[in-house]
Amino acid sequence: MRELTRRSVMALGLGSSALAASGRIALAARPQRTVVVMFDGFGMEYLEGSAMPVLKKWASEGIFAPVKAVMPSVTNCNNASICCGTWPSEHGVIGNSYFNQKTGQEDYMEDGTLLLAPTIFERAKTHGVSSALLTSKKKTTTLLGRGAEIVLAAETPSPEWETRLGKAPGIYSREINYWIFEAALNILADRTDIGLIYVHTTDYPMHMWPPEATESQEHLAKIDTLLQRISQAAPDAAVLLTADHAMNFKKRCWDLDRALEARGTPVQISISAERDKYVKHHRGMGGAAWVYLKQAGDLDKVRTVLSGLDGVEAVLTRAEAAETYNLMASRIGDLVVLGDKDTVFGDLDVPMETLPQASVLMAPYMN
Ligand SMILES: [Zn+2]
């Protein structure tokens with residue numbers, strides 16, 4: 001990729017007359033096409049533990065930097081931050097779930113009205129660029145789809161797309177990620193008017209298999225060949241790949257409602273920020289929880305009890321957490337509880353459960 005492609009031309013800042021004089025490239029009347037891949041759950045361990053020759057070549061020849069996830073490091077907040085280019089304090093997506101104080105219900109964060117910042121698709125549109133949101137998971141379309149001309153979820157594909165690409169594999173599979181990449185390739189070939197494609201995979205394969213597992217190696221090798229096909233199908237395009245979070249095995253889960261009740265400090269509700277509809281991956285357990293008090297006066301004693309639980313790394317007030325992690329204060333709990341590397345929070349039948357060795361991998365609260 002060292003020849004004079006549109007990418008390097010843009011980087012060099014050559015004017016169009018210089019380009020025409022070079023005779024080596026057709027002039028483009030529109031901006032460079034861009035593919036953003038949000039490779040869900042693709043933590044550094046997966047990159048380091050796999051061959052992925054195409055991606056590693058890009059990393060060495062292009063731009064590469066390990067970065068931290070936004071907090072809490074669950075899919076929705078990071079997907080929204082990647083898609084909007086802002087902190088959760090601005091776009092307002094603070095988890096896969098949140099406590100809707102108007103209804104008194106624990107709701108999934110899937111409704112686009114909860115997203116308070118412009119999406120990359122809306123921003124592209126203001127520059128005359130049409131875009132496509134392609135995702136394995138349906139929830140991404142309702143949360144982030146605003147402004148995209150093409151919106152496709154492999155989980156609920158239209159008959160037209162299945163005619164074009166074949167039947168979409170199930171949501172709990174590796175193959176669904178390959179299918180959504182095929183959709184991107186189809187658009188790159190047939191819809192050259194689309195200037196921006198955002199591809200969001202599912203992290204089901206990472207939740208199921210550690211980096212060294214054969215299933216994981218096969219998944220990453222296949223994705224690598226799909227990346228190569230993207231660069232071949234659209235050599236003009238910039239391809240940007242990032243992830244939302246990493247993951248690791250967890251040893252224990254706390255049900256904070258039950259644990260606090262049992263210690264004489266009941267609360268209104270506790271919510272795992274990880275909880276979403278895709279429970280097969282992680283049972284809704286995650287390393288960050290919001291705790292809503294019954295009354296403000298309970299704060300100190302509840303905080304003290306939470307701090308004493310095995311595996312609780314930090315307990316912050318709403319203001320402390322919003323300040324430290326750029327969260328939207330109005331959407332998080334009175335207290336924010338963070339587990340250590342081994343600890344998650346979720347709904348159980350008992351206050352605490354020791355998780356089996358073979359437990360699925362889960363996202364830590366931050367990495
Ligand atoms: Zn994820």
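Why is strand 12 (residues 335-339) largely enclosed by the rest of the structure? In this predicted model, 5 of the 5 residues of strand 12 are buried, so the strand is largely enclosed by its surroundings. The side chains divide between two directions: Leu335, Val337 and Gly339 point one way, whereas Val336 and Leu338 point the other way, and all are buried. The burial of Leu335, Val337 and Gly339 on one side and of Val336 and Leu338 on the other is described below together with the sheet to which strand 12 belongs.

The protein chain as a whole contains 16 helices and 14 strands. Of its 367 residues, 45% are buried. Among contacts in the chain with a separation of 6 or more, 70% are accounted for by residues 24 or more positions apart. One pair separated in sequence is formed by Gln32 and Val129, which are 97 residues apart along the chain and 9.9 Å apart in space, C-alpha to C-alpha. Gln32 is located in the loop between helix 2 (16-22) and strand 1 (34-38). It counts as partly exposed because 17 C-beta neighbours lie inside 10 Å, a number below the 20 required for a buried residue.

Strand 12 belongs to an open sheet of 4 strands with the order 9-10-12-11 and antiparallel pairing. Strand 9 (269-272) and strand 11 stand at the edges, each with a single partner strand, so one side of each has no neighbour in the sheet. From one strand to the next, the twist averages 20 degrees. Along the sheet, strand 9 pairs with strand 10 in the antiparallel sense over 4 bridges, and Ser272 stands opposite Ala289 in strand 10. Two helices pack on this sheet. Helix 15 (residues 299-307) touches strand 10, strand 11 and strand 12, and its direction makes about 165 degrees with that of strand 11. Helix 16 (residues 318-325) touches strand 11 and strand 12, with a direction at about 105 degrees to that of strand 11.

The two partners of strand 12 can be described in turn. Strand 10 (residues 288-292) runs antiparallel to strand 12 and is joined to it by 4 bridges; here Val291 stands opposite Leu335. Strand 11 (residues 312-317) pairs with strand 12 over 5 bridges, also in the antiparallel sense. In this pairing, Val312 stands opposite Gly339.

Val337 of strand 12 also appears in the interior packing. The largest nonpolar core has 95 residues, and those with the most contacts inside it are Leu134, Ala184, Val199 and Val337. Helix 10 (residues 175-190) gives the most to this core, with 8 residues. At least three residues of the core are drawn from each of domain 1 (11-242) and domain 2 (252-354). Leu134 touches Leu152, Ile180, Ala183, Ala184, Ile197, Tyr198 and Val199, when residues up to four places away in sequence are not counted.

Helix 10 additionally packs against helix 12 (residues 214-233) at an angle of about 5 degrees, with the axes 10 Å apart. The two helices are therefore roughly parallel to each other. Helix 10 contributes Asn177, Tyr178, Phe181, Ala184, Leu185, Leu188 and Ala189 to the contact, and helix 12 contributes Lys222, Ile223, Leu226, Arg229, Ile230 and Ala233. Ala184 thus takes part in the contact with helix 12 and is also among the residues with the most contacts inside the largest nonpolar core.

Some features of backbone geometry were also noted. Most residues other than glycine have a negative phi, and most peptide bonds are trans. A cis peptide bond joins Met71 and Pro72, with omega about -10 degrees; Pro72 is placed in the loop between helix 4 (53-61) and helix 5 (75-84). Met52, a residue other than glycine, has a positive phi, near 35 degrees. This residue lies in the loop between helix 3 (44-48) and helix 4, and Met52 is buried because 21 other C-beta atoms are within 10 Å. Asn326 likewise has a positive phi, near 55 degrees, and is found in the loop between helix 16 and strand 12. With 15 C-beta neighbours inside 10 Å, Asn326 counts as partly exposed, whereas Met52 is buried.

Definitions and conventions
Residues numbered from 1 in each chain as written. Predicted model: local features only at pLDDT ≥ 70, side-chain atom pairs only at ≥ 80, totals over all residues. Buried ≥ 20, exposed ≤ 12 C-beta atoms within 10 Å, placed from the backbone. Pairing = 2+ DSSP bridges. Contact = placed C-beta atoms within 7 Å. Axes fitted to C-alpha atoms, helices over the stretch in contact; angles between N-to-C directions. Core = buried A, V, L, I, M, F, W, Y, C linked by C-beta atoms within 7 Å. Domains from an automatic or database assignment. Parallel < 35°, antiparallel > 145°, perpendicular 65-115°, else oblique.
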